[in-house]
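User: I'm new to this one and would like a close look at a single part. Here is what I have in front of me.

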Amino acid sequence: MSTGTAEGGAAGSGRSTAAEALALLERRGQTVAVAESLTGGLVAAELTAVDGASRSFRGSVTAYATALKQELLGVDAALLAERGAVDAEVARQMARGVAGALGADWGVATTGVAGPTSQDGQPVGTVHVAVAGPAERVASAALRLAGDRSGIRIQAVEAAVKLLFSELIATAGAQDTEQHSGI
């Protein structure tokens, strides 16, 4: 059984949310890039499954190894040493880092533990997603997801795409004001 969302898509279907997010980005002339750890490229796959995604999707970095989060995305080495890769601030820095590295207006990031065992002292199902936007705006969500490895990864993808969409909606008024000088 499928339940409709406010955007007209099916609940649990990131595709319609991804399509809506990409449509908003295209209307604004903005772009998005993705940094992924536990999702291993699934957020990028979700976005690029949408027809016309290339108009707004810049690319992605799958930084599965902790060292790559620092080397490619600019995550603070001291933060990684102190807290490990499964951390809200790490996710926020990954989102900012990928936006900067790939020249995008928006960055989306995922980090966490899909299982089967814990990592960095964090239990399976601990996930952090983040979205960084223009004007230093960064939002993140800490999640405790249940299920097997595959289910946790799918839920993380859905959460990341939904966070991107909600941040785009939240900034819609500011975007209109910037483009029309408040008129």
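Is Thr111 buried or exposed, and what is its relative accessible area?

Analyst: Quick note to begin with: this is a predicted model, where local features need pLDDT of at least 70 and side-chain atom pairs count only at pLDDT 80 or more, while totals for chains, interfaces and linings use all residues. Residues are numbered from 1 along each chain as its sequence is written, and side-chain values use heavy atoms, with hydrogens and water left out.

Now to your residue. Thr111 is buried, with a relative accessible area of 1% (buried means under 20% relative accessible area, exposed over 50%, partly exposed in between, using a 1.4 Å probe and protein chains only). You'll find Thr111 in strand β3, residues 106-112 (strands are DSSP runs of E with at least two residues, helices runs of H or I with at least four, numbered from the N terminus).

What's around Thr111? Leaving aside neighbours within four places in sequence, its contacts include Ala85, Asp87, Ala91 and Met94 (contact means heavy atoms within 4.5 Å). With Ala85 there's also a link from the Thr111 side chain to the backbone oxygen, at 2.8 Å.

Asp87 leads us on to helix α5: it caps that helix's N-terminal end, with a side-chain oxygen 2.9 Å from the backbone nitrogen of Glu89. Ala91 and Met94 are among the buried residues of α5, and β3 is one of the elements covering those buried residues. Just after α5, Gly103 takes a positive phi of about 65°.

Conventions. A polar contact is a pair of N or O atoms within 3.5 Å; within protein, one must be able to donate a hydrogen and the other to accept it, and residues adjacent in sequence count only if both atoms are side-chain atoms.
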